[in-house]
Amino acid sequence: KVYLFNVKDSCRVQSSGLKATVPSQAPAMIFAVPTKVVSETGSVAHYMGINKVPELQKIFQKTDGAPVHLKRGVMDKMLYRTTMGLTIGGTLYCLMALYIAAQPRKPQ
Amino acid sequence: MAHQAHAYHMVDPSPWPLTGAIAALLMTSGLAIWFHFHSTVLMTLGLILLLLTMYQWWRDIIREGTFQGHHTPPVQKGLRYGMILFITSEVFFFLGFFWAFYHSSLAPTPELGGCWPPTGITPLDPFEVPLLNTAVLLASGVTVTWAHHSIMEGERKQAIQSLTLTILLGLYFTALQATEYYEAPFTIADGVYGSTFFVATGFHGLHVIIGSTFLAVCLLRQVQYHFTSEHHFGFEAAAWYWHFVDVVWLFLYVSIYWWGS
């Protein structure tokens, strides 16, 4: 897959099968960065933490075949399994509760 | 390696639509079980599942957009259409409650005393807390616009400050409205006045909470450098939603609080 970040509308996807509207060239930026470069802004760039986005972009673009909801490994897997467990368990509980609720009550 | 020959987003298979649908099933069945059998287990389970679904689904969208670059201009256009259509559906939702209010208040029945507000109802003074609430929301509309311009101009500190202020104003509105609810001399059970008042303002209050939460998520993302000056649609969507909430309040204030008193 070709990943483009912050490329203006005038640039089109560069790959076989699409008409190129600009001369073939590498995408302007591989990773998104704030418009102000770190060296220009000095202390402001570290206001409330540093930019970890490029690092995260590397992690999420690893070609390991993992779907996006499991891309971060163990934590994702645990949360997914918990959610799915509650889904299936909840469905069974629900069906049972509805079955019981549908049973006629003996008149008092 | 294969390249996709188009700019659209072919999403990875995801379990969240299923878990969300089951959450809806559990919440609705749970509501019925609560009403008839006094057990809140099923409904609570549904709520937990809903929260888990929302967290993971929206987390994945952020991953796909910010970290994987899937939100190309055509994709972003689709997201814009989606948000606009969603807000439009919410407008229709509120339109229904305004219809109900005007239906009952324009031609008050003899049972109400033939007048509006109905006999026995002391409405809230529109020029006390409700007017303050109006000022609070209008101010928050200014601060959210300030935040937008700050983001577009790459002013990180200002963006964080103005977005925080917007959220604080939203929380202030909620707190004020909560005290109004507590102090009100009438309840939801007080005829059609109580019903229309609390259902319309109640759903509005819920939307203020939802909007504040959306803005809070945007604040977290802004702090974490997710937004760039050219690409920050998540924030724009939150701002649109916030303006919508503000406009609904203005209609509520003029119709129910002011004209309706």
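## Salt bridges and domains in a predicted two-chain model

The structure holds six salt bridges over all chains, a salt bridge being a side-chain nitrogen of Lys or Arg within 4 Å of a carboxyl oxygen of Asp or Glu. This is a predicted model, in which local features need pLDDT of at least 70 and side-chain atom pairs count only at pLDDT 80 or more, while totals for chains, interfaces and linings use all residues. Residues are numbered from 1 along each chain as its sequence is written, chains are lettered from A and ligands numbered from 1 in the order in which they are written, and side-chain values use heavy atoms, with hydrogens and water left out.

Colleague: Happy to start with chain A: which elements does it have, from the N terminus on?

Modeller: Helices (H or I, at least four residues) and strands (E, at least two) are DSSP runs, numbered from the N terminus. Chain A has zero strands and three helices. From the N terminus on, the order is therefore α-α-α.

Colleague: Which residue forms a salt bridge with Asp64(A)?

Modeller: Buried means under 20% relative accessible area, exposed over 50%, and partly exposed in between (1.4 Å probe, protein chains only). At 43%, Asp64(A) is partly exposed, whereas its partner has 10% relative accessibility and so counts as buried. The closest N and O atoms are 2.8 Å apart, and the partner is Lys71(A).

Colleague: And which residue of chain A pairs with Arg59(B) in a salt bridge?

Modeller: The closest N and O atoms of this pair are 3.4 Å apart. Arg59(B) lies in helix H2 (residues 41-67) of chain B and its partner in helix H3 (residues 74-101) of chain A, so the pair joins two chains. Arg59(B) counts as buried at 12% relative accessibility, and the partner is buried too, at 4%. That partner is Asp76(A).

Colleague: Nice! Which residues do salt bridges with shared partners join into one network?

Modeller: Asp60(B) and Arg63(B) meet in a salt bridge (4.0 Å, N to O). Both lie in helix H2 of chain B, three residues apart, about one turn of the helix, and both are buried. Through shared partners, the network takes in Asp76(A), Arg59(B), Asp60(B) and Arg63(B).

Colleague: Turning to the domains of chain B, how much area do domain 1 and domain 2 bury between them?

Modeller: The bounds, from an automatic or database domain assignment, give domain 1 (1-70) and domain 2 (72-258). Their C-alpha centres lie 25 Å apart. Buried area is the accessible area (1.4 Å probe) that two parts lose on being put together, summed over both. With 68% of it on carbon and sulfur atoms, the buried area is about 580 Å².

Colleague: Which three residues supply 55% of the area that domain 1 of chain B buries against domain 2 of chain B?

Modeller: Across this interface the rule finds zero salt bridges. The three residues asked for supply more of the area buried by domain 1 than any other three. They are Ala7(B), Ile62(B) and Thr66(B).

Colleague: One last spot: which residues does Thr143(B) contact, leaving aside its neighbours within four places in sequence?

Modeller: Thr143(B) sits in helix H4 (residues 129-152) of chain B and counts as buried at 8% relative accessibility. Contact means heavy atoms within 4.5 Å. With those neighbours left aside, the contacts of Thr143(B) are Ser162(B), Leu165(B), Thr166(B) and Leu169(B).
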